[in-house]
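The following exchange takes structural descriptions one at a time and sets each against the criterion behind it.

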Amino acid sequence: MKRISSILLLLFLVGCSKPLILKRITFNDTQADKTRNYINNYYFDIALKDSFVFKKEISIKGNLDINPFFFYDSYLFFGDLAGKFYIVDIESNTLIGDNQFNGSINVPPILSNYRLFIPLNNYDENYATLYFYDILNNKVLIETKIDGNIDFSIMKYKENIIVINNRGLVYRINLAGGLESKHKLISELRSEPILLNDIIYYIGFDRNLYSFSLIENKAKIELEINDLQKIFSFNKELILVKNNSYAIVKDDNISDPEFMPVPLNNIQSGVSDTNRLYFVDYSGNAICIDKVKGTVQWETKLSGFTNLPLVLTDDYLLVTNSIGEIYFINKEDGKEYTRIKVEERIKTAPQIYDNKIYFGVAKGLIKVYEKANNK
Amino acid sequence: MKKGILLKTTIIFFTIVFSINAQFYFFGRNKIQYNDFNWKVIKTEHFDIYHYEEFSELAEIGAKFAEDSYEDLKIKFNHVPVIRIPLIFYNTHLHFQQTNTTPGFIPEGVGGFFEFMKGRVVIPFLGSIPGFKNVIKHELVHVFMTNKIYNVLSDHRVATNKFPPLWFIEGLAEYWSSDWDTQSEMVKRDAVLNGYFVSYNDLDRIAGTYLMYKEGEVFLQFIAKEYGEDKILKLMENLWKFPKFDQIIEFTLDEDIGIVAKKWEFELKKKYYPLYETKVPHLIKSKKLTQNGFTFSPNIFFYENETYVIYIGNYNGYTSLYKIKINSDSKELEEPELLIKGEIDSRFESFHAMDNSLDVSKGGLAAFVTKSGKNDVIHIYSLIDDEIITKLEFDKLITIKSPSFSEDGNKITFSAVDEKGYPDIYVYELSTNRLERITNDIYEDIDPIFKIDGNSLIFCSDRTAGKFKGKMNLFEFDALDNTINYLTNIDANISTPHYSPSGELYFTSDYNDIYNIWKYDGDKLQKKTNFVTSVYDFGFIDSTKIITAAFESFTFHLYETEINYKSDEEINSIQYSSTNERWYPAKIKLESQNERINYKNDYSLDYAVSQIITDPIYGTRGGALFTLSDLLGNDKYLFYLYNTAEVQSDILKSFNLSLSKINLKGRTNYAFGVFNYSGRRYDIRESDSYYYEKVYGGFFDLIFPISVFSRVEMSNSIANSDKDLIGDIITRKSLLISNAISYVHDNTLWGPTGPMDGNRYRVLLGYTSDVRYSNVNFYSFIADYRHYLRLDTRTSLALRGSVYINHGKEARRYFAGGSWDLRGWPRFKIRGEKLWLSSMEYRFPLIDQFVIKFPFIGIGFFNIRGALFMDAGGAWDNEYKETIGSIGAGIRLNFLNSIVFRYDIGKKIENNFNSLQPGLFYQFFFGVDF
């Protein structure tokens with residue numbers, strides 16, 4: 001009896017931890033890079049053309065930050081704010097591996113050559129740690145300490161990992177974990193950095209536009225206007241956003257932007273496709289603007305507080321609010337096509353992958369919705 | 001405009017030391033619900049606005065302020081609460097003090113509060129619309145911050161009870177709700193220049209004070225300026241990361257906290273020290289007339305070739321009316337003379353010391369305002385005959401400020417707030433008892449005086465429109481054509497206008513600075529004093545000599561000074577002409593009156609506690625208590641369940657449970673309920689023996705407060721009581737009906753560890769009878785009197801005399817012994833149906849501050865007090881046995897304002913009070929002094 005109990009206990013304990021092993025994964029670095037978005041523009045070049053139904057709920061420990069997910073192959077990789085890292089098989093939407101770290105994971109990992117790069121903000125420490133994780137053998141290969149917090153997306157640039165911490169330091173780390181260089185930016189970041197043509201653009205604490213050239217390792221102030229709110233990018237364009245205006249610039253005319261008015265009070269988020277810009281304010285007022293003419297195509301008023309990024313597909317603008325709603329707005333006419341409603345506060349921007357929509361909600365849950373006709 | 005807010009809040013600091021004892025069992029003052037409010041609810045997009053009918057207009061304005069604040073704060077916090085926020089409005093502070101949303105008394109300085117349990121925000125309208133807006137936003141910052149922090153912590157799965165220190169919580173609420181204001185500026189510069197600005201490391205020492213609010217605000221302003229505004233939000237978002245807030249600041253700012261603190265101090269000194277180049281402190285330029293306490297509202301009275309200042313002062317915790325003789329030729333200070341002692345009876349329940357509430361006529365009449373019953377009243381007091389002549393009370397006027405006599409003393413003008421919340425000007429004619437309303441609108445009209453050459457009035461008002469919208473300027477009401485005209489229109493606030501003996505108009509203004517005295521000279525205004533901190537009020541001795549009430553070194557005192565400051569500061573009286581413009585605050589748009597619904601009780605849980613105890617001797621026992629109340633706190637339900645079984649077989653017969661309903665809505669409070677108590681009881685009649693008793697029945701209690709200081713209590717119960725005295729061999733059955741009536745009085749003033757001044761007593765008469773079996777039949781009498789004789793500000797002599805009598809068949813016994821009554825003796829030492837107790841205690845300050853500095857942390861203890869005591873008492877059934885007592889000394893420590901620890905050493909007095917015990921007794925206990 002004792003022996004059986006011991007075995008059962010052992011099985012139970014083993015069952016509590018799931019190693020981060022992905023022996024079946026076929027890895028291609030080029031493909032992994034393509035799935036990353038370093039331009040802060042949540043545009044998914046796919047047509048949804050359908051409504052969505054609830055598929056599954058994945059329970060995790062903490063809640064999620066705004067943009068935590070990284071998809072590759074048939075897997076979803078992410079960490080939560082309670083410091084737990086997860087790998088989910090998105091075909092079955094089941095958890096296949098997890099690991100608890102002591103801290104908080106705010107941004108998505110990077111996957112390169114069978115290695116996961118997991119950024120952790122350590123609890124009760126003045127530093128963060130970048131873990132180099134071997135997913136074939138479930139072990140941490142290297143831990144690189146980063147001063148402060150990693151609150152902004154880490155980036156893969158050539159054969160380096162670029163980490164910008166909350167104190168305005170740029171770390172360039174090679175894939176073996178070695179520190180290639182460390183540079184101080186002119187200002188700390190108040191926006192997500194954007195990687196465009198080997199240059200990182202960001203808004204500083206003084207709301208000016210700054211840049212850092214990864215080729216020259218040189219920091220620069222691009223624009224002294226003190227009232228920038230957001231930046232995002234599409235193709236070669238950089239879109240600068242103030243409270244109620246925007247400008248589209250390219251790297252050759254950044255110094256002289258022409259700001260166009262937007263009939264919104266406090267633009268909270270923006271997104272772009274080839275022909276149009278879409279903005280939303282904190283009160284859920286969404287607007288579509290013709291990029292060339294600068295004219296308003298449509299406006300719509302949605303309910304609830306909106307502080308999550310706008311998400312765009314080939315047919316819908318997805319607007320998420322605090323009261324648990326994701327509106328699917330027809331991007332041609334601004335009319336609501338459908339909406340997803342959940343009971344909890346939505347914590348992440350919805351992410352679309354493999355015809356499914358993933359988003360995190362309060363109480364440590366990830367909701368998965370899929371196209372209705374998939375059933 | 002906001003003077004009152006500052007000054008009132010300052011009083012909080014003062015009353016921390018001498019706080020009034022809140023209601024508690026046996027004694028305590030009364031919180032009276034004078035008004036039967038007809039509550040309505042407006043449902044806006046994010047708020048449920050609770051208001052009563054008369055206050056509808058200002059409630060709609062407040063609702064708009066709340067929605068506007070919500071829009072601003074959601075961006076500042078990048079977050080919104082997902083629940084609807086209940087906002088409860090009262091039209092005045094007096095009505096606010098009646099609220100049942102919090103059980104305790106609300107001091108004059110509290111301008112609103114956010115209550116965590118039900119997420120309620122409770123706010124009074126204090127007369128000023130901009131002030132109303134600020135308070136609403138201040139409290140909403142608390143709501144957003146609480147919600148934001150809770151989300152940050154729960155997102156990271158760390159304990160959600162971890163909050164920033166109070167200075168951050170209140171500092172942020174100030175910083176994100178208020179614009180620059182004169183009072184705040186004055187306190188900051190006074191604190192820096194007079195050396196009481198508390199460094200960062202000591203902020204906890206001033207927790208809860210006005211200074212802490214302001215220092216918190218200034219610290220966050222500094223962080224925003226030095227490190228970036230976004231860092232404020234980051235401090236909250238990083239709260240999960242470190243256990244200590246200092247670490248969070250260091251991490252967020254990437255700077256050692258010691259350096260941050262030094263930079264902050266340096267910035268402040270750099271800003272304020274140069275002020276001494278051009279401005280003077282009151283103490284340097286004036287003769288200080290009062291030394292201790294706080295003094296306000298100086299009024300000059302000439303009588304029999306002497307000059308007196310009549311003023312309101314607080315020297316000992318009670319705000320009262322005083323006079324002091326002026327002797328300009330002497331450096332010696334005169335002793336103040338008490339004229340009317342306030343705040344010990346219902347006539348002068350509370351003075352509004354800092355609201356400009358006193359005026360003296362040339363004929364020797366003083367008009368002063370106090371709260372008396374449900375509203376403020378004006379008392380007319382003869383300074384010559386030393387008697388109250390009359391009391392002016394007006395049913396529809398709730399709060400009253402700034403009374404001012406006409407030249408002939410037959411009329412009084414004043415400002416008052418009515419039920420709608422309108423702060424307007426009135427004139428009352430003493431000879432005809434006629435009240436005339438002069439203004440009738442939402443603007444804050446204050447400090448009226450009669451114009452020196454007729455019946456017209458001059459007053460201050462925030463009705464200023466146009467360029468200087470909302471500024472408190474001087475206006476004239478022309479009684480001939482009933483028009484109101486600008487006397488000044490400047491970008492500043494003006495208050496307390498007075499005529500000099502030669503007929504020139506003076507006032508105080510914060511133009512380009514804090515409040516100084518200015519002269520109105522038709523088209524021009526001239527600055528006449530240049531003090532570094534504010535003048536709050538003043539009165540003329542002659543054309544150049546004045547008495548001021550001024551703020552300096554964080555206190556208010558009277559100074560004698562001259563208005564001879566010559567400066568280039570002369571400005572135009574009218575800097576913007578806007579005769580036809582009006583401003584009106586926006587209201588929330590209601591589609592129809594159907595959006596305003598009647599309030600219905602909506603109950604929710606207040607708290608629930610449960611407990612399970614496992615004891616090696618008594619086994620496992622446990623129970624639960626939970627309470628429900630409605631949103632306004634008027635109606636409460638209490639459920640109590642406990643099991644005292646010691647063995648499993650006793651479980652079913654050892655359930656104790658009760659259900660009570662308490663209603664606090666009206667002036668008369670009542671409670672009723674049912675109960676069932678059963679289990680083994682200790683028999684204090686025969687020591688070391690127990691009996692089993694099962695009691696079930698119901699009760700009904702009534703409490704009628706006569707005033708804040710006294711009440712009548714009635715209690716009635718019917719209960720079936722079955723006792724098993726020895727196993728099941730001897731049983732006693734009874735059906736008990738018990739009635740009691742008590743009169744309770746309490747006007748005590750409390751120090752840190754117990755009452756210091758005043759008196760309190762209770763007289764009870766009761767009768768208990770077994771109406772079915774006649775097994776029980778006794779009457780009860782209790783007389784308990786306690787007197788506290790103040791010897792000086794901080795020492796007092798406390799006296800207690802109590803008699804407890806139960807007489808009749810199976811009368812219950814009383815007992816005594818222990819730290820509460822007969823110190824040194826064990827509990828239950830004396831027991832009997834009759835009992836008397838007497839105590840005398842000398843209470844004095846022992847150690848004001850005691851700090852232990854460990855290498856890693858410092859611990860401070862404050863207000864450690866000493867006591868010398870003597871107790872005596874005796875108890876008996878039929879025949880008196882003996883008197884016992886004790887003498888000794890002890891120390892008392894108020895720990896974190898939440899519990900008082902006491903340690904006594906002494907000798908018992910034994911053998912019928914004939915000898916002292918051979919050694920000493922040592923006794924530790926906790927609880928306040930008797």
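The questions below concern sheets, helix packing, backbone angles, burial and cores.

Q: What kind of model is this, and how are its parts numbered?
A: The model is predicted, so local features need pLDDT of at least 70 and side-chain atom pairs count only at pLDDT 80 or more, while totals for chains, interfaces and linings use all residues. Residues are numbered from 1 along each chain as its sequence is written, chains are lettered from A and ligands numbered from 1 in the order in which they are written, and side-chain values use heavy atoms, with hydrogens and water left out.

Q: What makes β15 and β18 of chain A edge strands?
A: Helices (H or I, at least four residues) and strands (E, at least two) are DSSP runs, numbered from the N terminus, and two strands pair if DSSP finds at least two bridges between them. In chain A, 4 strands form an open antiparallel sheet in the order β15-β16-β17-β18. β15 (194–196) and β18 (218–223) of chain A each have a single partner strand, so one side of each is left without a neighbour in the sheet. Neighbouring strands of this sheet are turned by 30° against each other on average, direction ignored.

Q: How do you know that β15(A) and β16(A) pair?
A: These strands of chain A are joined in the antiparallel sense over 3 bridges, β16 covering residues 199–203. The criterion of at least two bridges is therefore met. One bridge partnership is that of A:Leu196 with A:Ile199 in β16(A).

Q: Why are α6(B) and α10(B) called roughly perpendicular?
A: Helix α6 (residues 182–193) and helix α10 (residues 257–272) of chain B pack at an angle of about 100°, with their axes 10 Å apart. Axes are lines fitted to C-alpha atoms, for helices over the stretch in contact, and angles run from 0 to 180 degrees between N-to-C directions. Angles under 35 degrees count as roughly parallel, over 145 as roughly antiparallel, 65 to 115 as roughly perpendicular and the rest as oblique. The two helices are therefore roughly perpendicular to each other.

Q: Which residues of α6(B) and α10(B) meet?
A: From α6(B) come B:Glu185, B:Lys188, B:Arg189, B:Val192 and B:Leu193, and from α10(B) come B:Leu268, B:Lys269, B:Lys271 and B:Tyr272; contact means heavy atoms within 4.5 Å. By class, this contact has 4 nonpolar, no polar and 5 charged residues.

Q: Why is A:Asn138 called partly exposed and B:Asn433 exposed?
A: Buried means under 20% relative accessible area, exposed over 50%, and partly exposed in between (1.4 Å probe, protein chains only). A:Asn138 has 26% relative accessibility and therefore counts as partly exposed. B:Asn433, at 54%, therefore counts as exposed. A:Asn138 is in the loop between β9 (127–134) and β10 (139–147) of chain A, and B:Asn433 is in the loop between β18 (423–429) and β19 (434–437) of chain B.

Q: What is notable about phi in A:Asn138 and B:Asn433?
A: Phi of A:Asn138 is near 55°, a positive value in a residue other than glycine. Phi of B:Asn433 is likewise near 55°. Most residues other than glycine have a negative phi.

Q: What makes β32(A) largely enclosed?
A: Of the 6 residues of this strand (residues 356–361), 6 are buried, so β32(A) is largely enclosed by the rest of the structure. A:Lys356, A:Tyr358 and A:Gly360 lie on one side, and A:Ile357, A:Phe359 and A:Val361 on the other. β32(A) pairs in the antiparallel sense with β31(A) (residues 351–353) over 3 bridges and with β33(A) (residues 365–371) over 6 bridges. A:Tyr358 is the bridge partner of A:Gln351 and stands opposite A:Val368 in β33(A).

Q: What makes β21(B) largely enclosed?
A: In β21(B) (residues 457–461), 5 of the 5 residues are buried, so the strand is largely enclosed by the rest of the structure. B:Leu457, B:Phe459 and B:Ser461 point one way, and B:Ile458 and B:Cys460 the other way.

Q: Which residues have the most contacts inside the largest nonpolar core?
A: They are B:Phe77, B:Leu172 and B:Leu321, in a core of 137 residues. A nonpolar core is a set of buried Ala, Val, Leu, Ile, Met, Phe, Trp, Tyr and Cys residues joined through side-chain atoms within 4.5 Å. Helix α4 (residues 129–155) of chain B gives the most to this core, with 12 residues.

Definitions and conventions:
Nonpolar A, V, L, I, M, F, W, Y, C, P; charged D, E, K, R; others polar.
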